[in-house]
Amino acid sequence: MCGIVGYVGARDCSDVLVSALTKLEYRGYDSAGIAVFDEDNNIKTVKTKGKLKDLVEKLEREGKPDGHVGIGHTRWATHGEPSDVNSHPHSGARVTIVHNGIIENYIELKEFLISKGRTFLSDTDTEVVAQLLDYKYNGNPLETIDDVMAELRGSFALGIMFKDFPDRIYAVRRESPLIVGVADGECFIASDVTAILQYTRKYYLLDHDEIATLSGDGVQFVDEHLDPIEKELKTADWDMEAAEKGGYPHFMIKEINEQPDAVKTTIIPRIKDGLPCFEECGITLEKIKDFKNITIVACGSAMHAGMVGKYVIEDLARVPVNVDIASEFRYRNPIVGEGDLVIIISQSGETADSLAALRLAKKKGAATLAIVNAKGSSIAREADMLIYTLAGPEIAVASTKAYITQLAVVYLFAFELALAKEKVSAAECKRLVSALMRMPEAIKYVIDNCEEKCKYISTKLLTADSLLYIGRRLDYALSMEGSLKLKEVSYIHSESYAAGELKHGTISLIEDCMPVIAVATQTDIIPKTISNIVEVKSRGAKVILVCTDACARELKEGVADYVIELPHTEELLMPITAVVPLQLLAYYTSVNRGNDPDKPRNLAKSVTVE
């Protein structure tokens, strides 16, 4: 959520800030602003409700701040409605800040400051931090920041400017992501390295409660005790081209088309002599063979990848698996402990609920394994074991290639666990790995051969008020993801159901012309699913069936209104190919309804607050 940028250097600061913020638009926002030290060393702030184009227009009308040091922000409203006044940056008399996250004790801090004669212009928790910094300012920025940090509760990242120090900016974080970039003679802060790739690939990861000082002389870091510290300089392993659209109309369709390469890149380094090999991730057969229970914790699409993982791990390794929504896991007393494995799946590695779940699992004594895409993220750093998905940057808010690489990792881990548990032979494990290695080619085949049909079928969904997705077993897990994708980007109400549950209440919703999207890829239960399709069809539903080509050939006439045929692959792996038409249906329905599929309303890419 939101985006922070900051710059110190010889370039035009306003241009750098706006340009960097455009790279963070995918995070979701409803207002934008910048603050820059002008030629007279005064802080000039320009901010507005709306999109970055609205900020650019305002800068053109009012005149852009001319300077070389500044901070910028795109806000997603949490405290206070979207408005010019509530937009960031916020200021006290001598301090200006931008802020991501939530200050949990802002009300009591605000009441204290009001009692001291402070007045507030906005409804935000951010202005409370700005006013508190100004109230406590003693002429030493580091001491002031450290003093204020001790009073703040919550998750946050801050970019800070002090009027007395016009040649520098300060940065600090707790929970919320923030990195510090460096190049020759210039420094940056950003919520995501994507924002600064056009300027540098070199960056530092800022740890919790560390403070960075950025100036023309470079970057200095201190810990929570204000003692100087040295940090490792990292290099982003993808470039700006990977974060651009590359001729596609939207990032979402670009990322759907990148899935074959993403899966290949993710699995190939983890295969040795035809068998899974996660040794570089700290995972060995010996290390995992004694786990008796597994809990997978995640949110959204990552949770759906976990649902697929449950079926596959239980089927192959015969280990019981519980899948928990992270926000539920963290607020109950989960039964996990020593001898159990908790798997946390997160694209960003900063998902607030998932991070809290990880910490709770560790506190209870369970071993933890993180499956994340963002290198150096909080979840990646805190887990006992770590497997990176190598999807590269995913800019569209609705996950596609990050989800499919999560599936690939989950499958490969399931194969290794089954081998460790001696539930499959080495020969059978090699056969499964070989089938997984063919998935990139199968994904490409589906994109090439199903896209036009999905585009056409999407036109039949445009006026729908509500849809149902149905499936059984792995197809049910897949239906959950398909339903989420559609509702995320098309804004059509959609729900997924285990097909066998329809007659237990949900079938009462079926009426004339209501679209029902059914998934049927598992041979032994296809007749059962077809039976459920007939039930909804007889009540007036318009059925779109996603199934294997073998199933399509045996369908009786009239069972489905539209059929999307998939090449038959290893049945256990069908969720990898079958999700592609569901992604394409969601994408084209969104586009045909005039929506922006990359930036769906009210959503953010990285959910770093509750």
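In which sense, right-handed or left-handed, does α7 pass α13 in their crossing? The first close-up takes that one on, and the others move around the rest of this predicted model.

**Close-up 1. Helices α7 and α13 pack side against side at an angle of about 35°.** The crossing of α7 past α13 is right-handed. Helix α7 covers residues 259-267 and helix α13 covers residues 401-420, and their axes are 9 Å apart. If you want to pick out the contact, select Q259, A262, V263, T266 and I267 on the α7 side. Their counterparts in α13 are K401, I404, T405, A408, V409 and L412. Sorted by class, this contact has seven nonpolar residues, three polar ones and one charged one.

**Close-up 2. An open sheet of eight strands, paired antiparallel.** Reading across, the strand order is β3-β2-β4-β1-β10-β9-β11-β15. The edges belong to β3 (43-49) and β15 (234-235), and each of these pairs on one side only. At the β3 end, β2 (residues 31-37) joins β3 through seven bridges in the antiparallel sense. Within that pairing, I34 sits opposite V46 of β3. Helix α2 (residues 52-62) packs on the sheet and touches β2, β3 and β4 (69-75). The direction of α2 makes about 135° with that of β3.

**Close-up 3. Helix α1, tucked in among strands and a helix.** Eight of the 10 residues of α1 (residues 13-22) are buried, so the helix is largely enclosed by the rest of the structure. Which residues of α1 are buried? They are C13, S14, V16, L17, V18, S19, A20 and L21. These buried residues pack against β1 (3-8), β2, α2, β4 and β10 (186-190). At the N-terminal end of α1, D12 acts as the cap, with a side-chain oxygen 3.1 Å from the backbone nitrogen of S14.

**Close-up 4. Y29, in the loop between α1 and β2.** Is Y29 buried or exposed? Its relative accessible area is 6%, so Y29 counts as buried, the cut-off being under 20%. K49 is 20 residues away from Y29 along the chain, and the C-alpha atoms of the two are separated by 9.6 Å. K49 falls within the range of edge strand β3 (43-49).

**Close-up 5. A second open sheet, with seven antiparallel strands.** Here the order is β5-β6-β7-β8-β12-β13-β14. Both β5 (90-91) and β14 (228-229) stand at the edges with a single partner strand each, so one side of each has no neighbour in the sheet. At the β14 edge, β13 (residues 218-222) pairs with β14 in the antiparallel sense over two bridges. One residue pair to look for is V222 with its bridge partner P228 in β14. Helix α4 (residues 125-136) packs on this sheet, touching β5, β6 (95-103) and β7 (154-162). The α4 direction makes about 135° with that of β6. Helix α5 (residues 141-149) lies across β7, β8 (168-174), β12 (211-215) and β13, and runs at about 20° to β8.

**Close-up 6. Strand β26, with parallel partners β25 and β27.** Six of the seven residues of β26 (residues 542-548) are buried, so the strand is largely enclosed by the rest of the structure. Strand β25 (residues 515-520) is joined to β26 by six bridges. With β27 (residues 562-566), β26 pairs over five bridges. C547 is a handy residue to centre on: C547 is the bridge partner of A520, and E565 in β27 is the bridge partner of C547.

**Close-up 7. K455 in helix α15, alongside Y588 and N592.** Helix α15 covers residues 439-458. K455 has 31% relative accessibility and counts as partly exposed. How many residues apart in sequence are K455 and Y588? The answer is 133, although their C-alpha atoms are 5.6 Å apart in space. Setting aside its neighbours within four places in sequence, K455 is in contact with Y588 and N592.

**Close-up 8. S490 in helix α16.** Helix α16 takes in residues 474-490. S490 is buried, and its relative accessible area comes out at 0%. Residues up to four places away in sequence aside, S490 touches T589, S590, R593 and N595.

Note on methods
Residues numbered from 1 in each chain as written. Predicted model: local features only at pLDDT ≥ 70, side-chain atom pairs only at ≥ 80, totals over all residues. Heavy atoms only, no water. Pairing = 2+ DSSP bridges. Helix = DSSP H or I, 4+ residues; strand = E, 2+ residues; numbered from the N terminus. Contact = heavy atoms within 4.5 Å. Axes fitted to C-alpha atoms, helices over the stretch in contact; angles between N-to-C directions. Buried < 20%, exposed > 50% of the residue type's maximum accessible area, 1.4 Å probe, protein only. Polar contact = N/O pair within 3.5 Å; in protein donor to acceptor, adjacent residues only side chain to side chain. Left-handed = near helix turned anticlockwise from the far one by under 90°. Nonpolar A, V, L, I, M, F, W, Y, C, P; charged D, E, K, R; others polar.
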